[in-house]
Amino acid sequence: MGARSVLVTGASSGIGEATMHELVRLGFHVWATVRRAQDADRLSEQHGERITVLRCDVTDAEQVANVGEQVRRRGGLHGLVNNAGTAIPAPLEFIPLDEFRRQLDINLTGQLAVTQAVLPSLREARGRVVNVGSIGDRIAGPMLGAYHASKFGLVGLTDTLRAELAPAGIAVVLVEPGAIATPIWTTGAASGERLLADLPREALSHYAAQIDRTRKDAARAAKRGLPPSAVAVVIAKALTVKNPRPRYLVGRDAQIASVVARLPYRLRYRLTAARQ
Ligand SMILES: NC(=O)c1ccc[n+]([C@@H]2O[C@H](COP(=O)([O-])OP(=O)(O)OC[C@H]3O[C@@H](n4cnc5c(N)ncnc54)[C@H](OP(=O)(O)O)[C@@H]3O)[C@@H](O)[C@H]2O)c1
């Protein structure tokens, strides 16, 4: 395989799929991970030998190890895009702890698992790591506590990896998008409705207004968010420029929120509905 190669997790839809298309367009060979057989078939049909599709749930140790093994057999890896992720909305007071753990497992531990699995190949090529964070890793609001915990955690994980891998010449970058129009808003809403159906009645009365606002925000983001290609272009830039920045914000809303995140705490929390 002559082309430089990049692994993209969660390539079946949204930002991951757009990133895969963009990297193929730029001439990379893409290792694309997906969970379902039908997505594997669809992507293979679209791109033929320019991509290699691997089945991987990032919470499945065996599947992650297999990804590391397959990539290692083909030599160095020039980039890893830790993109796979999901959103599980529910009030922290009532979210079942198994669901909270699942959120962290997918969005945080899963990113580390894949990184560990392919690091030998990244070292070989002095490759780069791009972690897909969120503006929700700087500012937290109600109902998405599990998601925020995972993304705030990803900031710490990314910063430590950046420090640990600098001596090896491996740059580690955090891309932080604002609202992007992808299926995450509908799948997230579906998870939320499923959880709400099982919550005690008092949960609904305590949190009715916040739940309603979260539903409306999600519907708006699904409609008015930037296209996933806007993030794909930034990820490709982070992988290809000579000196990548440590962090890239994507979208005007993310830029504005990053300013709010730097305000004095009282003001900042008043604006983000966490009053004290
Ligand atoms: N959309 C936004 O507004 C936004 C904003 C900021 C950050 N982000 C971040 O961007 C990343 C991609 O999200 P997206 O918006 O593109 O959502 P998406 O279209 O729903 O894509 C999520 C991808 O992650 C995969 N995935 C979910 N759980 C997985 C697991 N356990 N193991 C492996 N893959 C898994 C999905 O696979 P399946 O198709 O099999 O479910 C899908 O390929 C996430 O990390 C998200 O937090 C999104």
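Is E99 buried or exposed, going by its relative accessible area? E99 is buried, at 13%, and the views below, taken from a predicted model, show where residues like this one find their charged partners.

**View 1. E99 pairs up with R194 in a salt bridge.** Look for the closest N and O atoms of the two residues, which sit 3.6 Å apart. E99 belongs to helix α4 (residues 97-125) and R194 to helix α6 (residues 184-197), so this contact ties together parts that are 95 residues apart in sequence. While E99 is buried, with that 13% relative accessible area, R194 comes out as partly exposed at 40%.

**View 2. R36 meets D39 through their side chains.** This salt bridge has an N to O distance of 2.9 Å. R36 has 43% relative accessibility, so it counts as partly exposed. D39 has just 7%, which is under the 20% cut-off, so D39 counts as buried.

**View 3. D39 also takes R42 as a salt-bridge partner.** Here the N to O distance is 3.0 Å. R42 and D39 are three residues apart in helix α2 (residues 37-47), so about one helical turn separates them. R42 is partly exposed, its relative accessible area being 30%.

**View 4. Zooming out a little, E17, R36, D39 and R42 form one network.** What joins them is salt bridges that share partners. D39, for one, bridges to R36 and to R42. For the whole model, the count comes to 15 salt bridges.

Key. Residues are numbered from 1 along each chain as its sequence is written. This is a predicted model: local features need pLDDT of at least 70, side-chain atom pairs count only at pLDDT 80 or more; totals for chains, interfaces and linings use all residues. Side-chain values use heavy atoms; hydrogens and water are left out. A salt bridge is a side-chain nitrogen of Lys or Arg within 4 Å of a carboxyl oxygen of Asp or Glu. Buried means under 20% relative accessible area, exposed over 50%, partly exposed in between (1.4 Å probe, protein chains only). Helices (H or I, at least four residues) and strands (E, at least two) are DSSP runs, numbered from the N terminus.
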